[in-house]
Amino acid sequence: MSFLYHHKLMNLCTCNFSGSYHQAAVTTELNRQFNLSTEHGQTVKVCEIVAVHKTEDEADAQARKTVLVVFAVSYVRRTRQHLWRCADVTFHCADQQICEQWVQVINEQLSLLTNRPKNLLVYINPYGGKRRGERIYEQKVAPVFRQAGIFTDVIVTERANHARDHLKMEANLDDYDGVVCVGGDGMFSEILHGLVTRIQTDHGVDQNQPDAELVPCSLRIGIIPAGSTDCICFATQGTNDPVTSALHIVVGDSQPMDVCSVHHNGVFLKYSVSLLGYGFYGDVLTDSERNRWLGPARYDLSGFKTFLSHNYYGGTVSFLPADDNVGHPRDKLQCRSGDRGWNVIHGKFIAINSASMSCACPRSPKGLSPSAHLADGTTDLILVRKCSRLDFFRHLLRHTNNDDQFDHWFVEVHRVRKFRFEPWHPDLAPLEDASEHPESPDLSPISSLQETYDDRTAESSWNCDGEILHHTAIQVSVQCQLIRLFARGIEEQQDAEVAV
Ligand SMILES: CCCCCCCCCCCCC/C=C/[C@@H](O)[C@H](CO)NC(=O)CCCCCCCCCCCCCCC
Ligand SMILES: Nc1ncnc2c1ncn2[C@@H]1O[C@H](COP(=O)(O)OP(=O)(O)OP(=O)(O)O)[C@@H](O)[C@H]1O
Ligand SMILES: [Ca+2]
């Protein structure tokens, strides 16, 4: 008998068997990666099969006037730009027993994939982004989970911090293999805080100790993008598409990720996984909160306004470079305990950004720091000093094209493990910043906007993954691989099939 590839009636390669086809042979075939040898040479890996099920194909059976048994394999198909879709390939055969054997063996093989989640706790923010969280989940994600046989408990949040508090205090984490967040970066931040805090509490770890060794979370987090920026989702899978996210969850992907802990004078403030931004991105966020009703467009409006304000802020940044532990045999640094190798920079800054991942998002497909790594225990500290509006505009523009946004006299970038920021105290602030470029004329005529601006007293706020921090003096420390996502990082572009 032969298995027929639906529509094109292709023989399933090496499966042209007659008589009884015993289970071991089927397993061997599967172990050989389940080759659907079509004219396109397509291969489906067992680990990318979503589900297998017997189906009816009466119309086809009538047309051929034979009784055909049919089973369908749903699998992950890559389309363009890191988009994944669930595709079906249907097999026909005349022998019911063989058909059942195939279904059984494929299911057995799938059950051996222990990285796949079986029970998930899902939180939906109905107010994130364009307020489509519930619809996105019901229409695009729930059917994929159902098909893959995943059980879910779904909670639609009723207030801000509902998900965080539920995870922190109520949820029975033993019941689940993962937590799914339907929303944007702010909603992800809730899940992150709920989960990390819960694990530390359960293990008696005090988060207020900046040097505490935090306990990594065993539960993975899935992100179904339904927010305004969706940077964490975009930067970890290359697209902000709900179906793609659902499929990364189904196949049980695992991507470790660094988390920055932020303290103020020894008191824990927040965790961050993407952007910690003072100055420009802090001001954009503060302004945008007043215009939440505008949805994602609020960031463009506030970005434009903040750009025109052209504020800069005095302060001192100290950081511990990532390569400090390497040293040099002639650096005269003897082996002693305590913090060594801290660099200190005083200056007036338009922006101080710490990017723990690329922060790629639809607004900036390569992100704030295109080469930042997700799980290397470091964050990229980007210092944008006071410069003209035109220069800052050029710098921003380079986030949208292939030019190097760090290649400006007023921008420097350091890969660090820890950093601190201290705003200048008004009485102690130097009158002039020696680091300013001698030739940095402000070419724009908008200086009247700054009449009341005093850079010795002005303070910005920190944008911590889209949440405002209420302290400006902060200490930041990267916690290497504290959490894991249902993701695999951005895949090298493969020869994607064109969607039909
Ligand atoms: C000339 C065009 C330049 C466009 C430059 C775009 C750079 C965009 C870089 C985006 C980086 C996002 C980092 C992710 C941060 C998230 O944790 C956080 C929470 O979701 N999102 C934001 O804070 C939301 C941050 C949103 C920031 C939007 C900034 C828009 C700037 C617009 C400047 C306009 C200048 C026009 C002059 C004529
Ligand atoms: N039921 C709710 N009512 C009001 N606010 C909520 C509710 N559930 C969650 N939130 C809060 O809504 C805020 C924004 O949510 P979310 O991150 O999902 O969308 P966004 O801000 O539009 O997107 P992004 O963070 O990607 O820019 C979060 O800070 C979250 O705490
Ligand atoms: Ca990193």
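Let me start with ligand 1, where helix α10 makes the greatest contribution to the surrounding shell, giving five residues. Please keep in mind throughout that what we are looking at is a predicted model. In total, 27 residues stand around ligand 1, and those that come nearest are D185, T229, Y299, G303 and G466. Two or more residues of this shell are supplied by each of α9 (280–289), α10 (297–309) and α11 (389–397). Sorted by class, the shell around ligand 1 holds 14 nonpolar, nine polar and four charged residues. As for its place in the domain arrangement, ligand 1 lies between domain 2 (119–257) and domain 3 (275–327 + 340–464), because both of these domains give residues to its shell.

Turning now to ligand 2, we find 22 residues surrounding it, of which the closest are G128, G183, G184, G186 and G227. Here the largest share comes from helix α6 (residues 185–202), which provides four residues of the shell. The class division for ligand 2 is four nonpolar, 13 polar and five charged residues.

Finally, a single residue, R220, which is part of strand β9 (residues 220–225). Is R220 buried or exposed? R220 counts as buried, because it has 25 C-beta neighbours inside 10 Å, and the cut-off for that label is 20 or more. If we set aside neighbours within four places in sequence, the contacts of R220 are G178, S254, R484, L485 and F486. P362, by way of a separate reference point, is 142 residues from R220 in sequence, and their C-alpha atoms are 25 Å apart in space.

Note on methods: Residues numbered from 1 in each chain as written. Chains lettered and ligands numbered in written order. Predicted model: local features only at pLDDT ≥ 70, side-chain atom pairs only at ≥ 80, totals over all residues. Near = placed C-beta within 6 Å. Nonpolar A, V, L, I, M, F, W, Y, C, P; charged D, E, K, R; others polar. Buried ≥ 20, exposed ≤ 12 C-beta atoms within 10 Å, placed from the backbone. Contact = placed C-beta atoms within 7 Å. Domains from an automatic or database assignment.
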